[in-house]
Amino acid sequence: MSAPDGLSLAASPAGRGFRLEAAQFLPASRERVFAFFSDAFRLETITPPWLEFRVLTPAPIAVSAGTLIDYRLKLHRIPVRWRSRIAVWEPASRFVDEQVCGPYRRWHHEHFFEAVDGGTLCRDVVDYDVPGGGLVDFLFVRRDLRRIFSYRRRRLSEFFPG
């Protein structure tokens, strides 16, 4: 990661859409960090308030491969529904969520959790595509994603201080 905030946004290496990469060290065990991310409702606490993000799927959500989760949020004040599917579920190591329906043409988000000295390295790799292509990505989406992931980084540091 070359950016000071641990974020990288670029064209997808596959030549289809765009890629966001983020990394953050958290001073907690991999199992504890993964357990935090395993609770779909925690996403509400690490998502910026301006998105008005809410999980619609009733609790409790037993997350595993194939689990569908419904959300509501606002993008630039426009109400949006989003459904994601957990495509891969490897407890304590990684999981993948993919948009089934929502604002993106494609959203494939891999979450990696690596035990390192003193804690856990969390890495995110998001491959996405948007209606309107590069212009819409440049004008809106990249800036929004940078703000969202920067907020998330701050909130995670509060949940896992060190």
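This is a short presentation on the core, the aromatic pairs, the pocket and the cavity of one protein structure.

Good morning, colleagues. Please keep in mind throughout that the structure is a predicted model.

I shall begin with the nonpolar core. The largest such core has 39 residues. Those with the most contacts inside this core are L20, V33, F37, Y104, Y128 and L145. Which elements give two or more residues to the core? They are strands β1 (7–11), β2, β4 (68–75), β5 (78–90), β7 and β8, together with helices α1 and α3. Of these, α3 gives the most, with five residues.

I turn now to the aromatic rings. The structure holds 16 aromatic pairs, and I shall describe two that share F34. In the pair of F34 and F95, the ring centres are 5.9 Å apart and the planes stand at 85°. Planes over 60 degrees apart count as edge-to-face, so this pair of F34 and F95 is edge-to-face. Where do the two partners lie? F34 belongs to helix α1 (residues 30–38) and F95 to strand β6 (residues 94–101), so the pair ties together parts that are 61 residues apart in sequence. Are these two residues buried or exposed? F34 has a relative accessible area of 5% and is buried; F95, with 6%, is buried as well.

F34 has another partner, F113. This pair is also edge-to-face, with 5.2 Å from centre to centre and 80° between the planes. Here helix α1, which holds F34, is linked with strand β7 (residues 106–116), which holds F113. The two residues are 79 residues apart, and the pair thus links distant parts of the chain. Like F34, F113 is buried.

These residues belong to a wider arrangement. Ring pairs join F34, F36, F37, W89, F95, F113, F159 and F160 into a cluster. F37, a member of that cluster, is also one of the residues with the most contacts inside the largest nonpolar core.

Two rings have a charged group placed over them. The charged end of R123 sits over the ring of F112, at 4.5 Å from the ring centre. Likewise, the charged end of R147 sits over the ring of W50, 4.1 Å from its centre.

Next, the open space. The largest pocket has a volume of about 790 Å³. It is lined by 39 residues, and L43, F53, W82, Y104 and W107 lie nearest its centre. Y104 is thus named both here and among the best-connected residues of the core, those with the most contacts inside it. The elements giving two or more residues to the pocket lining are α1, α2 (42–45), β4, β5, β6, β7 and α3. The largest share, eight residues, comes from α3. By class, the pocket lining divides into 28 nonpolar, six polar and five charged residues.

Finally, the enclosed space. How many cavities of 30 Å³ or more are counted? There is one, and its volume is about 100 Å³. Of the 11 residues that line this cavity, A22, Q24, D124, F149 and R153 are the closest to its centre. The elements that give two or more residues to its lining are β2 (18–26), β8 (119–129) and α3 (133–159). Once again α3 gives the most, here with four residues. The cavity lining has six nonpolar, one polar and four charged residues.

To close, helix α3 is the element to remember: it gives the most to the largest nonpolar core, to the lining of the largest pocket and to the lining of the largest cavity. Thank you.

Methods: Residues are numbered from 1 along each chain as its sequence is written. This is a predicted model: local features need pLDDT of at least 70, side-chain atom pairs count only at pLDDT 80 or more; totals for chains, interfaces and linings use all residues. Side-chain values use heavy atoms; hydrogens and water are left out. On a 1 Å grid over the protein atoms alone, a cavity is a set of points where a 1.4 Å probe fits but cannot get out, and a pocket is an open set with protein on both sides within 12 Å along at least five of seven lines; lining residues have an atom within 4 Å of a point. Grid points are joined across faces, edges and corners, and a volume is the space filled by probe spheres set on the points. Ala, Val, Leu, Ile, Met, Phe, Trp, Tyr, Cys and Pro count as nonpolar, Asp, Glu, Lys and Arg as charged, and the others, Gly among them, as polar. Rings of Phe, Tyr and Trp (its six-membered ring) pair if their centres lie within 6.5 Å; planes under 30 degrees apart count as stacked, over 60 as edge-to-face and the rest as tilted. Buried means under 20% relative accessible area, exposed over 50%, partly exposed in between (1.4 Å probe, protein chains only). A charge sits over a ring if NZ of Lys or CZ of Arg is within 6 Å of the ring centre and within 35 degrees of the ring normal. A nonpolar core is a set of buried Ala, Val, Leu, Ile, Met, Phe, Trp, Tyr and Cys residues joined through side-chain atoms within 4.5 Å.
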